[in-house]
Amino acid sequence: MNRSTLSLVAAAVALAAVTGFAAVTAPGGDSGKADAKGPARLPVERSSLLCPAPSLSELAETTYTAYTPKGSGEGSGGKAAPPGTAVLKPAVTPLTDDTTAKPTDKGDKGDGKSGKGDKKGKKDKPSEKPDPNKAVVTLKEPGKPASATASGSDAPALTGSADGLLAPGWAAQQTTVVSGGDTRAVLGTRCTEPDTDFWFPGASTAKTRLDYVHLTNPDDSAAVVDIELFGKDGPVKSEAGEGITVPAKSSVPVLLSTLTTAAADDLTVHVTTRSGRVGAVIQASDAKAGADWLPASADPAASQVLPGIPADATDVRLVVHAKGTDDADLKVRLAGGSGSFTPAGLDTVHVKSGMTASFDLKNVTRGEAGSLFLTPTSDGGKTPIVAALRVVRGTGDKQETAYIPATAPVGDRSTAADNRAKGSTLALTAPTAAATVKVTASPGTEGGEPQTKTYTVKAGTTLAVEPPVPAGLKGSYALTVETQPGSGPVYASRTLALPQDGIPMFTVQTLPDDKGTVAVPAAKQDLSVLGD
């Protein structure tokens with residue numbers, strides 16, 4: 001094997017080790033030839049996903065759904081890819097009920113003052129540990145989703161991997177409905193790849209909030225994690241957030257309010273690993289407005305896009321953190337169905353370096369779904385930022401909350417794995433140029449025929465549609481969005497509404513590129529810069 005090929009393999013192994021979502025072999029044959037425009041793109045051969053423990057409520061009902069879109073069927077070298085496997089299994093939760101502040105369905109806010117023993121002071125029995133070798137969701141073929149359900153607070157976090165034909169574009173989602181108590185809500189999240197660095201603007205340690213960072217380790221050795229907090233005045237002192245150990249194949253929830261004595265309405269949480277990899281996501285619960293998962297923002301960048309604010313949002317709050325040594329001066333544009341405009345009072349916003357700022361947009365959409373564009377002003381520099389929206393629907397005691405983080409574009413393809421016969425809204429936005437996408441509704445988990453529809457989005461607008469539904473649908477189904485050739489970049493989110501007892505319960509998931517392919521330089525290229 002020559003030096004270039006050796007370097008290629010080293011790079012591929014490093015990619016798989018760090019990201020956990022891709023593994024490739026040296027290219028050959030006719031498939032995926034590199035041309036003068038750059039490296040070829042080949043389907044990934046292995047993907048990893050992590051799902052957090054769904055809920056601490058005994059009333060929780062959780063659905064896990066997994067799906068891989070149909071692909072080309074070719075692997076490296078133009079050979080047919082093997083059928084493959086895709087399995088999600090339980091992670092172990094090393095903390096038991098007697099050491100974790102656990103909210104009950106009778107008013108406990110998770111402060112440990114109730115729900116940790118009976119009136120005589122006896123501790124609860126530890127939860128029965130799930131079998132880490134027993135599959136929860138097994139996907140058998142591309143193009144057909146699989147699902148499983150779990151009830152109560154013992155529903156586990158999941159870890160898993162896919163290979164062969166099932167690896168490219170493998171997606172999973174968990175959707176939890178808590179029908180009563182202080183934690184009543186619909187909580188949904190995409191299961192994510194393991195990584196080493198995460199930013200979460202929009203968290204809180206306010207008295208009305210109960211925010212947990214869920215850390216899940218997919219590997220066979222322990223990971224060590226640091227958690228930093230940034231408020232309106234900069235870093236928040238927190239020695240308790242340093243050196244948190246997440247055991248192998250385990251999931252650990254960390255209550256943010258135990259990391260600092262400061263009560264802050266709006267925080268940015270930065271999760272990094274000293275060793276190993278984790279999946280990280282925040283479960284944010286509000287005593288007055290339900291709960292949902294707060295996913296990580298897109299990587300820090302000078303511009304960000306936050307797609308899919310529901311048309312009937314009653315309160316919207318933007319939270320931005322400026323990373324680096326310089327302040328950020330930003331233009332804010334809301335893109336609706338016919339164009340974009342600057343929300344009142346937000347011609348420009350200023351965010352100081354290392355600090356977190358929040359801006360109240362109120363009912364900014366006013367009956368028309370929209371997306372938020374954040375870009376630097378002409379003299380605002382290129383300070384990288386992270387951002388998220390807290391979105392509320394409903395009023396009074398019938399409010400529900402969801403979060404929309406800044407996200408990467410759809411890229412080649414992205415999938416929302418869990419959709420129902422009713423309640424899904426797909427939001428598509430094109431910040432810079434007109435975009436065209438193909439949307440495919442998969443067969444249902446229990447039957448139905450796939451349906452496809454193409455949409456065009458005008459530049460600077462948001463298109464919100466009821467997506468196609470499989471003919472004869474039985475069960476739930478997946479939605480796959482594919483950017484078409486010649487299209488401008490498109491950003492997307494899917495809202496799933498599951499109203500209950502007059503409460504507009506909902507959850508929103510963004511749709512970044514599924515990373516189903518990886519760029520692989522031709523072996524003849526000089527890769528000496530990657531090392532021997």
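Which residue stands opposite proline 90 in β7? Leucine 158 does. Before tracing where that pair sits, a word on the ground rules. This is a predicted model, in which local features need pLDDT of at least 70 and side-chain atom pairs count only at pLDDT 80 or more, while totals for chains, interfaces and linings use all residues. Residues are numbered from 1 along each chain as its sequence is written, and side-chain values use heavy atoms, with hydrogens and water left out.

Back to proline 90. Strand β4 covers residues 86–90 and β7 covers 158–163 (strands being DSSP runs of E with at least two residues, numbered from the N terminus). The two run antiparallel, joined by 5 bridges; strands count as paired if DSSP finds at least two bridges between them. Both belong to an open, antiparallel sheet of 4 strands, ordered β2-β7-β4-β5. At its edges are β2 (46–51) and β5 (137–139), and because each has a single partner strand, one side of each is left without a neighbour in the sheet. From one strand to the next, the twist averages 15°, with axes taken as lines fitted to C-alpha atoms.

Now hop over to another open sheet of 4 strands, again paired antiparallel, with the order β15-β11-β17-β18. Here β15 (251–255) and β18 (290–294) take the edges, each with a single partner strand, so one side of each lacks a neighbour in the sheet. Neighbouring strands are turned by 20° against each other on average, direction ignored. Look at β17, residues 279–286: 5 bridges tie it to β18, and the two run antiparallel. Across that pairing, glutamine 283 stands opposite tryptophan 293 in β18.

Methods. Axes fitted to C-alpha atoms, helices over the stretch in contact; angles between N-to-C directions.
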